[in-house]
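The following exercises concern helix geometry, burial and contacts. Each task is followed by a worked solution.

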Amino acid sequence: MSLNQILLVVIPLVIVQLALLFFAVFDLLKQERRVRGGNKAVWALVIVFVNILGPLIYFFFGRDEEHGVEEPAMPLFTSTDAIAQITAGWPKAPADAPPAIQTSGLGKRYGHVAALEGLDLSVPSGSIFGFLGPNGAGKTTTIRLLTGLASPTAGSASVAGVSIAGSDGRLARNIGYLDQDPRFYGWMTGRELLELVGRLYGLSGYELHRRVGDVLEIIGLGSAAERKIGGYSGGMRQRLGIGQAILNRPAVLLLDEPVSSLDPEGRRDVLAIIDGLRGTATVFLSTHILSDVERVCDQVAILNVGHLVVQGPIDELLDRYAQPVFELQPDPQQPGAVDRLASVIRPQPWVKEVQATPDSVRIFVNDPKQAGAALLPLVAKTGVTLARYERARPSLEDVFMHLVERPELKTVPPAEIPVWGLDGRGRR
Amino acid sequence: MNGFRALLGKELREQLRTYRLPVVAIVFLLFGITSPVLARFTKELLDALGAQATGGIQINIPPPTPADAVGQLVKNLSQFGIFIAILLAMGTVSAEKERGTAALILTKPASRLSFLLAKFVAIGINLAVAVVLACAVGYIYTELLFESAALPIGGYVAMAILLWVAIFTYAALTFLGSTLTRSSAAGAGIGFLALIVTGIIAALPTIGQFMPISLINPAANLGIGAPAGMDLLGPSIAALLFIVVPFGLAWLSFRRQEL
């Protein structure tokens with residue numbers, strides 16, 4: 001074996017093997033690198049000691065592509081007005097458009113378990129529609145059926161006039177969808193994800209560039225567009241999720257629990273974006289956070305144990321179902337005042353329920369007129385002086401709690417479910 | 001096929017960005033270098049070490065030939081190549097289903113066939129790049145290390161193609177496993193099970209020649225310009241069926257799956 005032969009053999013072999021080894025170690029030691037199992041030392045040993053296959057095993061199993069070091073969150077700076085300005089040129093549904101979502105007897109069973117039964121729903125075009133229900137009510141199942149990700153076992157539905165049963169891509173072209181736990185490719189940048197989604201919608205060249213730019217501005221991620229998604233905060237991911245859902249300017253936007261996992265700041269940002277889309281797309285928003293619904297939605301439906309309980313504009317629901325509530329707050333420095341008030345008020349025939357807190361009394365009544373007339377004289381009899389007397393505005397939470405706690409409503413046949421503005425067949 | 005081009009671009013970019021394509025190519029390249037080297041110098045190394053290193057046992061190794069180099073390359077690539085193919089394919093579909101990224105893509109106007117085919121083709125491209133690189137380097141090293149080597153280009157290319165087909169077969173079977181399940185480990189399990197079962201069947205007379213792994217020896221023969229040693233038409237068609245049928249089954253299953 002001559003020296004030349006040895007060099008010919010050894011040098012390239014050593015160079016290639018060392019290059020691979022050092023590259024893997026260099027990648028492992030990057031500050032932003034996350035590894036499966038969390039222990040970089042173990043992966044270093046694998047790379048160094050498992051001969052040729054060590055780096056390969058590391059690159060296949062060690063690298064955690066989904067998570068990088070979370071960089072500082074970027075709050076939304078785009079105002080609702082600015083969003084409305086960007087979306088002004090987007091196609092809008094005409095005022096007399098048919099319902100954006102129409103379901104008829106829609107049901108889904110998993111074996112013997114009914115996740116959803118006989119859902120008759122009509123979502124007016126252009127509305128921001130809150131789809132409420134406790135966990136396990138069937139909200140996600142409904143949305144998965146409406147997106148075509150799952151197939152119904154009963155009934156039918158159309159979204160933006162397209163049957164959910166079709167598989168020709170028309171449904172996908174008309175909807176935008178955000179999962180309750182949106183997951184993306186961590187190795188991609190925000191811009192790359194939006195570009196991929198745009199290409200799937202057939203966009204290219206200038207139009208793709210413009211759409212992606214518009215969406216990045218709406219979701220306020222313009223300056224983070226070149227960062228890897230793996231390093232995005234939860235709120236930024238959620239906003240990116242909305243971005244990919246609106247890139248095709250959908251007629252119907254289906255958002256599954258879009259704010260449930262966010263901190264207050266993230267919730268505020270996402271709700272601002274949804275609010276900014278008012279009038280541009282029909283937004284169908286499932287959630288169990290009722291205060292958010294009151295903030296942005298104009299129509300709601302309440303689902304419980306797979307059944308639709310009620311549907312209608314929020315104000316009408318509040319008028320019809322919210323129990324009138326009076327709140328009394330005694331002046332401080334009156335020991336036992338709350339108990340005295342509660343004990344006097346509780347036996348009254350117009351009282352439904354009295355809730356006493358350390359510093360106030362909350363009275364649910366079944367006859368607000370009688371209660372309004374009788375309450376203050378009763379207080380006067382007790383000798384308690386009040387710091388505050390208020391007829392409280394009932395909240396959607398009151399309606400929700402009232403309705404989902406009435407089991408008889410779960411079995412109301414669809415035709416008898418009160419649906420404001422619609423006749424028994426779901427027509428306006 | 002809606003979205004195929006965009007999805008194939010995404011798959012290839014993912015393989016580059018996660019370094020899977022370059023790392024697989026480099027590992028294959030190393031096999032391309034080491035195989036002729038080992039074939040060429042094993043005898044000299046053992047002679048240099050002497051009988052002491054072999055525990056007093058006299059080992060008679062015939063002088064190395066280019067056929068040994070090609071045989072070593074084919075053996076290494078078929079063993080480690082199949083292992084790497086299973087690693088490549090084991091999580092392609094199941095991981096996307098489990099993570100939820102499949103739902104993200106499939107609520108867009110991308111057909112499920114495009115989604116699967118883009119992944120399948122990307123795996124095929126990755127393995128093709130790696131096999132071509134390994135065989136090219138193996139060819140150069142064999143020519144350099146063996147003075148008498150005159151490997152036929154045509155036969156050597158045929159060898160590379162057969163190797164790719166044999167390796168890709170196991171990627172296809174693992175791909176099917178990955179589509180049927182939601183777990184990468186289960187996908188890999190199905191791939192390794194397929195490897196064991198086809199390996200056992202390959203030892204049987206008549207039917208054994210139709211197993212993909214049976215293409216390895218004829219490939220090595222073709223690589224050195226010798227006759228394949230068997231009629232390759234039937235086994236080649238069978239190997240292609242081992243690629244097409246698992247993909248077809250994967251599609252039939254995936255189009256009905258709820259994500």
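**Exercise 1. Check the length of helix H1 (residues 4-17) of chain B against the rise of 1.5 Å a residue.**

Solution. The model is a predicted one. Helix H1(B) comprises 14 residues. The expected span is 1.5 Å times one less than the number of residues. For H1(B) this gives 20 Å. The end C-alpha atoms of the helix lie 19 Å apart, which agrees with that expectation.

Two further features complete the description of this segment. The buried residues of H1(B) include the nonpolar Phe4(B), Ala6(B), Leu7(B) and Leu8(B), and the charged Lys10(B), Glu11(B) and Glu14(B) are buried as well. Gln15(B) is also in the buried set. Just after the helix, Tyr19(B) adopts a positive phi of about 65°.

**Exercise 2. Describe the overall make-up of chain B: how many helices and strands does it have?**

Solution. Chain B has 10 helices and 0 strands, and its elements run α-α-α-α-α-α-α-α-α-α from the N terminus on. Along the principal axes, the C-alpha atoms fill a box of roughly 65 × 40 × 40 Å. Of the 259 residues in the chain, 54% are buried. Among contacts with a separation of 6 or more, 81% join residues 24 or more positions apart.

**Exercise 3. Classify the relative orientation of helices H3 (residues 66-89) and H8 (residues 184-202) of chain B.**

Solution. The two axes are 9 Å apart and the helices pack at an angle of about 150°. Angles over 145 degrees count as roughly antiparallel. H3(B) and H8(B) are therefore roughly antiparallel to each other. The crossing of H3(B) past H8(B) is right-handed. H3(B) contributes Ile82(B), Phe83(B) and Ile86(B) to the contact, while H8(B) contributes Ala188(B), Gly191(B), Phe192(B) and Leu195(B). These residues comprise 6 nonpolar, 1 polar and no charged.

**Exercise 4. Carry out the corresponding analysis for helices H13 (residues 337-345) and H14 (residues 368-382) of chain A.**

Solution. The axes come within 10 Å and cross at roughly 130°. H13(A) and H14(A) are therefore oblique to each other. Their crossing is right-handed. On the side of H13(A), the contact is made by Arg340(A), Leu341(A), Val344(A) and Ile345(A); on the side of H14(A), by Leu375(A), Leu378(A), Val379(A) and Thr382(A). The contact residues divide into 6 nonpolar, 1 polar and 1 charged.

**Exercise 5. Determine whether Arg40(B) is buried or exposed, and state which residues it touches.**

Solution. Arg40(B) belongs to helix H2 (residues 20-53) of chain B. The cut-off for burial is under 20% relative accessible area. Arg40(B) has a value of 15% and is therefore buried. Leaving aside residues up to four places away in sequence, Arg40(B) touches Pro64(B), Leu145(B) and Phe146(B), together with Gln5(A).

**Exercise 6. Locate Phe254(B) and characterise its surroundings.**

Solution. Phe254(B) lies in helix H10 (residues 233-254) of chain B. Its relative accessibility is 0%, so Phe254(B) counts as buried. Apart from residues up to four places away in sequence, Phe254(B) touches Val93(B), Lys97(B), Leu106(B), Arg112(B), Phe115(B), Leu116(B), Thr179(B) and Leu259(B). For one of these, Leu116(B), the separation from Phe254(B) is 138 residues in sequence, while the C-alpha atoms are 8.4 Å apart in space.

Key:
Residues are numbered from 1 along each chain as its sequence is written. Chains are lettered from A and ligands numbered from 1 in the order in which they are written. This is a predicted model: local features need pLDDT of at least 70, side-chain atom pairs count only at pLDDT 80 or more; totals for chains, interfaces and linings use all residues. Side-chain values use heavy atoms; hydrogens and water are left out. Axes are lines fitted to C-alpha atoms, for helices over the stretch in contact, and angles run from 0 to 180 degrees between N-to-C directions. Helices (H or I, at least four residues) and strands (E, at least two) are DSSP runs, numbered from the N terminus. Angles under 35 degrees count as roughly parallel, over 145 as roughly antiparallel, 65 to 115 as roughly perpendicular and the rest as oblique. A crossing is left-handed if the near helix is turned anticlockwise from the far one by less than a right angle, and right-handed if clockwise. Contact means heavy atoms within 4.5 Å. Buried means under 20% relative accessible area, exposed over 50%, partly exposed in between (1.4 Å probe, protein chains only).
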